Amino acid sequence: ELFVAVGNPRIPGRILLLQAAVLAVSCPVGIRLAGAAGAAAAVGVTMAVGVVLAYWKARIYVDVSYRRVFPIPTLSALVAAAGSLWAYSFLDTQNAWLQIAFRSAIFGVLYLAVLIPLDGGKLRAEIGALRSRVGG
């Protein structure tokens, strides 16, 4: 863990406490508004809060250009989420496993369909660099 390695082990605990507070507030509201889907959304929001805070705190120790790293994958994920929700509206089944498989497949295809044309060169270069470091 980065924060333990740099001598600041309290940061993850503080992030977890904030996540617990976010979940304690958002989950009952989500359940009241949308049932199980609202609970799932509350968990997603809670996880996003934790990831954003961890990356925000890590910027002190790690030199990363977040503006260069995150926009294209975020755009890809948003397009894929919107597309899978739209495509799901045409699926006429009550089978939960089929729904999950369908939405996951659509999400994956759309994510890659946006990511590869916009960021494929950088992705291939990073994979090549990783392979050369691990001896592959």
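Start by selecting Phe-3 and pulling up what surrounds it in this predicted model. Skipping neighbours within four places in sequence, Phe-3 is in contact with Asn-8, Pro-9, Ile-11, Pro-12, Ala-54, Lys-57, Ala-58 and Tyr-61. Phe-3 itself belongs to helix H1, residues 2-5. With a relative accessible area of 5%, Phe-3 is buried, because the cut-off for that label is under 20%. Now draw a distance from Phe-3 to Tyr-61: they are 58 residues apart along the chain, yet their C-alpha atoms are separated by 8.6 Å.

Keep Tyr-61 selected and switch on the surface. Tyr-61 is one of the residues in a nonpolar surface patch, together with Leu-2, Val-6, Val-51, Tyr-55, Ile-60, Val-62, Val-64, Val-69 and Phe-70. Taken together, these residues have about 750 Å² of accessible area. Pick out Val-64 from that set. You'll find Val-64 in the loop that runs between helix H3 (36-58) and helix H4 (66-69). Val-64 is partly exposed, at a relative accessible area of 33%.

Next, go to helix H3 and click on Thr-46. Buried or exposed, by its relative accessibility? Thr-46 comes out at 5%, so it counts as buried. Show its contacts, again ignoring neighbours within four places in sequence, and you get Gln-19, Val-22, Leu-23 and Ser-26.

For a contrast, hop over to Leu-16, which sits in helix H2 (residues 10-34). Leu-16 is exposed, with a relative accessible area of 55%. While you're there, run a distance to Val-114: the two residues are 98 apart along the chain, and their C-alpha atoms are separated by 33 Å.

Now select helix H5, residues 71-88. How far apart are its end C-alpha atoms? They are 25 Å apart, which agrees with the 26 Å that 18 residues should span at 1.5 Å a residue. Colour the buried residues of H5: Ser-76, Ala-80, Gly-83, Ser-84 and Ala-87. Turn the view so that you look down the axis of H5; the buried residues fall within an arc of 100 degrees, so they line one face of the helix. Part of what covers these buried residues is helix H6 (96-134). On the face of H5 turned away from the buried side, look for the exposed residues Leu-78 and Trp-86.

Move on to helix H6 and select Gln-99. Gln-99 is buried, at a relative accessible area of 16%. Leaving out residues up to four places away in sequence, Gln-99 touches Tyr-88, Leu-91, Thr-93 and Gln-94.

Last stop, further along H6: show the side chains of Asp-119 and Lys-122. These two meet in a salt bridge, at 3.7 Å from N to O. The total count of salt bridges comes to one. Why are the two residues separated by about one helical turn? Because they are three residues apart in helix H6. Check the accessibility of each partner, too: Asp-119 is buried, with a relative accessible area of 14%, whereas Lys-122 is partly exposed, at 31%.

Terms used: Residues are numbered from 1 along each chain as its sequence is written. This is a predicted model: local features need pLDDT of at least 70, side-chain atom pairs count only at pLDDT 80 or more; totals for chains, interfaces and linings use all residues. Side-chain values use heavy atoms; hydrogens and water are left out. Helices (H or I, at least four residues) and strands (E, at least two) are DSSP runs, numbered from the N terminus. Buried means under 20% relative accessible area, exposed over 50%, partly exposed in between (1.4 Å probe, protein chains only). The expected span of a helix is 1.5 Å times one less than its number of residues. The arc is that of the directions from the helix axis to the C-beta atoms. Contact means heavy atoms within 4.5 Å. Patches are made of residues with over 30% relative accessible area and no salt bridge: like charges are joined within 9 Å, nonpolar side chains (Val, Leu, Ile, Met, Phe, Trp, Tyr) within 5 Å. Accessible areas come from the Shrake-Rupley method with a 1.4 Å probe; for residues, only the protein chains shown count as cover. A salt bridge is a side-chain nitrogen of Lys or Arg within 4 Å of a carboxyl oxygen of Asp or Glu.
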